[in-house]
Amino acid sequence: MPAPILLGEKMAAPIRILVVGLGNMGASHASAYHRNPGFQIVGLCSRTIKSKPIPSELQAYPLFEDYTAALAALKPDAVSINTWPNTHADYAVAAMEAGAHVFMEKPIATNNEDAARVVATARRLNKKLVLGYILRVHPSWVKFIEI
């Protein structure tokens, strides 16, 4: 188990996180969580996880192909959603309703109605909702904007 984080005078326990989707971005996020002592990966989930190669540093974590089952079994503090965009809204709402905060890769949803539903759920349940968007700080994008 990773070492706890020191916050002022208190020690905070690592955030127990479920990583959903292990494509390029999901594997990248999972690897970062694995190396960060502020997080404890409690499971990895992908519809086809048992038929795909898992990076060696992530092979010891519990694997799930059923997202609902993973949420119920693991009861994570947070869920990292790195799946196809058409799953983002439903996965985020399910995570928050299960008591977890959410980090997801963009977009929040594939339509405005679903995006509003995700935001409304976060507000209603007082859950953190964070969207990953690297371009704002990516050196090539900064240069592009500069030009």
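Buried, in what follows, means under 20% relative accessible area, exposed means over 50%, and partly exposed is what falls in between, with a 1.4 Å probe and protein chains only. The model on screen is predicted, so local features are given only at a pLDDT of at least 70 and side-chain atom pairs only at pLDDT 80 or more, while totals for chains, interfaces and linings use all residues. Residues are numbered from 1 along each chain as its sequence is written, and side-chain values use heavy atoms, with hydrogens and water left out.

**Stop one: helix H2**

Select residues 67-74, which make up helix H2; helices (H or I, at least four residues) and strands (E, at least two) are DSSP runs, numbered from the N terminus. Colour Tyr67, Ala70, Leu71 and Leu74, the buried residues of this helix. Looking down the axis of H2, you will find these buried residues within an arc of 100 degrees, so they line one face of the helix; the arc is that of the directions from the helix axis to the C-beta atoms. On the face turned away from that buried side, select Thr68 and Ala73, which are exposed. Now show what the buried residues of H2 pack against, namely E3, strand E4 (39-45), strand E5 (63-64), strand E6 (78-81) and H3.

Next, look at the two ends of H2. At the N-terminal end, Asp66 acts as a cap, with a side-chain oxygen 3.0 Å from the backbone nitrogen of Thr68. After the helix comes Lys75, whose phi is positive, near 45 degrees.

**Stop two: Ile15 in strand E3**

Move to Ile15, which belongs to strand E3 (residues 15-20) and is partly exposed, with a relative accessible area of 34%. Which residues is Ile15 in contact with, leaving aside its neighbours within four places in sequence? They are Gly38, Phe39, Gln40, Asp77 and Ala78, where contact means heavy atoms within 4.5 Å. If you also select Val119, you will see a residue 104 places from Ile15 in sequence and 22 Å from Ile15 in space, C-alpha to C-alpha.

**Stop three: salt bridges of H3 and H4**

A salt bridge here is a side-chain nitrogen of Lys or Arg within 4 Å of a carboxyl oxygen of Asp or Glu, and by this rule the count comes to four. Begin with Asp90 and Arg117, whose side chains meet in a salt bridge at 2.8 Å, N to O. This pair links distant parts of the chain, with Asp90 in helix H3 (residues 85-97) and Arg117 in helix H4 (residues 112-125), 27 residues apart. Asp90 is partly exposed at 46% relative accessibility, and Arg117 is partly exposed at 31%.

Keep Arg117 selected and add Asp114, since these two also form a salt bridge, with the closest N and O atoms 3.2 Å apart. Asp114 and Arg117 are three residues apart in helix H4, so about one helical turn separates them. Asp114 counts as buried, at 19% relative accessibility. Salt bridges that share partners thus join Asp90, Asp114 and Arg117 into one network.

Finish with Glu97 and Arg124, a salt bridge in which the closest N and O atoms are 3.5 Å apart. Glu97 lies in helix H3 and Arg124 in helix H4, so this pair ties together parts that are 27 residues apart in sequence. Glu97 counts as exposed at 52% relative accessibility, and Arg124 counts as exposed at 55%.

Notes:
Polar contact = N/O pair within 3.5 Å; in protein donor to acceptor, adjacent residues only side chain to side chain.
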